[in-house]
Amino acid sequence: MQLTQLKINGFRCYESLDLTFDQRINVFSGANGAGKTSVLEAIYFLSTGKSFRSKRSKNLINHNSNELTVFAQYNDKDKFKNKIGVSLNKALKKNIKFNSQKISNQSEIAHTLPVVSIDPDSYLFLDKPPQYRRSFLDWLVFHVKPEYLKIWSRVSRCQKQLNTLYKEKRQDQLGHWEKLYIEYADQLTEMRQAVFTELRDLIYIKVQLIIPELAELEISFYQGWSKENTLAEQIQKDREKNLVYGNLNQGVHKMDIKNSIIHKPAHENLSRGQKKLISIIYYLSYIELLSTQLKINPILCLDDMDAELDTEKTKILCDFIQNSSNQAFISTVDPNKLMALLKKTCLFHVEHNQISRLTTP
Ligand SMILES: Nc1ncnc2c1ncn2[C@@H]1O[C@H](COP(=O)(O)OP(=O)(O)OP(=O)(O)O)[C@@H](O)[C@H]1O
Ligand SMILES: [Mg+2]
């Protein structure tokens, strides 16, 4: 998967931009506010139709434009050349074209041009609420287990039904829906647990290599209720409480990935740099799982990767990226550090909403 050309109009600080890329590693350097993140954001937007730093798509449109367009040429995993164009106007009407054909569903693009962003939000992996880690794992389960979506929608339907019954204090149909919920929720937990175990093993290997001083990091799967009980036992025990509160208290919707160091929560005990490294390791392991299991090699966007990391850690990460087969786009304020560590890299200088190519690998 390689992006070869990117054309941007009316996106963030760029009124117009046309870039060609190296097949492996592309580094964008420049001062604060120069427009580095905006380029990575445009690549991410092309794939997902969303921004990784703003909930409102309207913010992406340049202040002087009525519409944004992002266009790219890329080689897919079978080395076929493709063209993708996405436009968005102020009324939030989106237009997507794939090889000149109109497309209605952005997920088709995410499928053909997968992009994974590792950005300042991702670096807070350990500090985020459980919902963040749950979505992270579920997204992986969705890719790896074809039956995930079917099971997940059954679980959601049962949970919705149960919440209504608990709220209305109707006990007549409760047994039936609890039984159905337990059946599907157990299947979901089994899938999550299996994918989690594979992911965790990859993470442990990378922790040994990148942060051996944190070899005592312990990552565990919290299924959403105490492991002392089966889900059936838990639902039985919680019934009175669920009826009082009017909703399902414990269950698969509370799943989390717990990280601890010497039995203490990692997010309360590690340094910012250490937490950032662990977050990056989560994403690198995620990408590795996609690549080994599904032969998907997403494009990587790494925003401010080296900030807060010492040279030794940055070097290990650079080696990882260099040895992977993913095309990478990296932003930095300090090109000298990265360029000394990365080989065969294309460096771009970003200044006043203009980008110039400084080196060709
Ligand atoms: N919709 C918009 N229209 C025009 N300019 C915008 C818009 N949204 C953001 N900007 C501006 O774009 C500029 C570039 O922002 P960007 O986040 O890409 O910079 P950066 O190089 O990543 O900076 P940093 O090193 O601080 O992360 C900023 O000056 C920002 O204020
Ligand atoms: Mg930035």
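Which residues form a nonpolar patch on the surface? Here are a few notes to get you started; keep in mind that this is a predicted model.

1. The patch. W139, F142, L149 and W152 make up the nonpolar patch, and together they offer about 400 Å² of accessible area on the surface. Two elements, α3 (130-144) and α4 (148-167), give two or more residues each to this patch.

2. A look at W139. This patch member sits in helix α3. W139 has a relative accessible area of 45%, so it counts as partly exposed, since that label covers values between the 20% limit for buried and the 50% limit for exposed.

3. The length of α4. With 20 residues at 1.5 Å a residue, α4 ought to span 28 Å, and its end C-alpha atoms are indeed 28 Å apart, so the two agree.

4. The two sides of α4. Where do the buried residues of α4 sit around the axis? The residues in question are Y148, I151, V155, C158, Q159, L162, L165 and Y166. They lie on the same side of α4, because the arc they cover around the axis is only 125°. Turn to the other side of α4 and you'll find R157, K160 and K167, which are exposed.

5. What the buried side meets. Which elements do the buried residues of α4 pack against? Their partners are α3, α5 (174-210) and α6 (231-245). That brings α3 up again: it packs with the buried residues of α4, and α3 and α4 both give residues to the nonpolar patch.

6. Just past the helix. Have a look at K169, which follows α4 and has a positive phi, near 55°.

Conventions. Residues are numbered from 1 along each chain as its sequence is written. Chains are lettered from A and ligands numbered from 1 in the order in which they are written. This is a predicted model: local features need pLDDT of at least 70, side-chain atom pairs count only at pLDDT 80 or more; totals for chains, interfaces and linings use all residues. Side-chain values use heavy atoms; hydrogens and water are left out. Patches are made of residues with over 30% relative accessible area and no salt bridge: like charges are joined within 9 Å, nonpolar side chains (Val, Leu, Ile, Met, Phe, Trp, Tyr) within 5 Å. Accessible areas come from the Shrake-Rupley method with a 1.4 Å probe; for residues, only the protein chains shown count as cover. A salt bridge is a side-chain nitrogen of Lys or Arg within 4 Å of a carboxyl oxygen of Asp or Glu. Helices (H or I, at least four residues) and strands (E, at least two) are DSSP runs, numbered from the N terminus. Buried means under 20% relative accessible area, exposed over 50%, partly exposed in between (1.4 Å probe, protein chains only). The expected span of a helix is 1.5 Å times one less than its number of residues. The arc is that of the directions from the helix axis to the C-beta atoms. Contact means heavy atoms within 4.5 Å.
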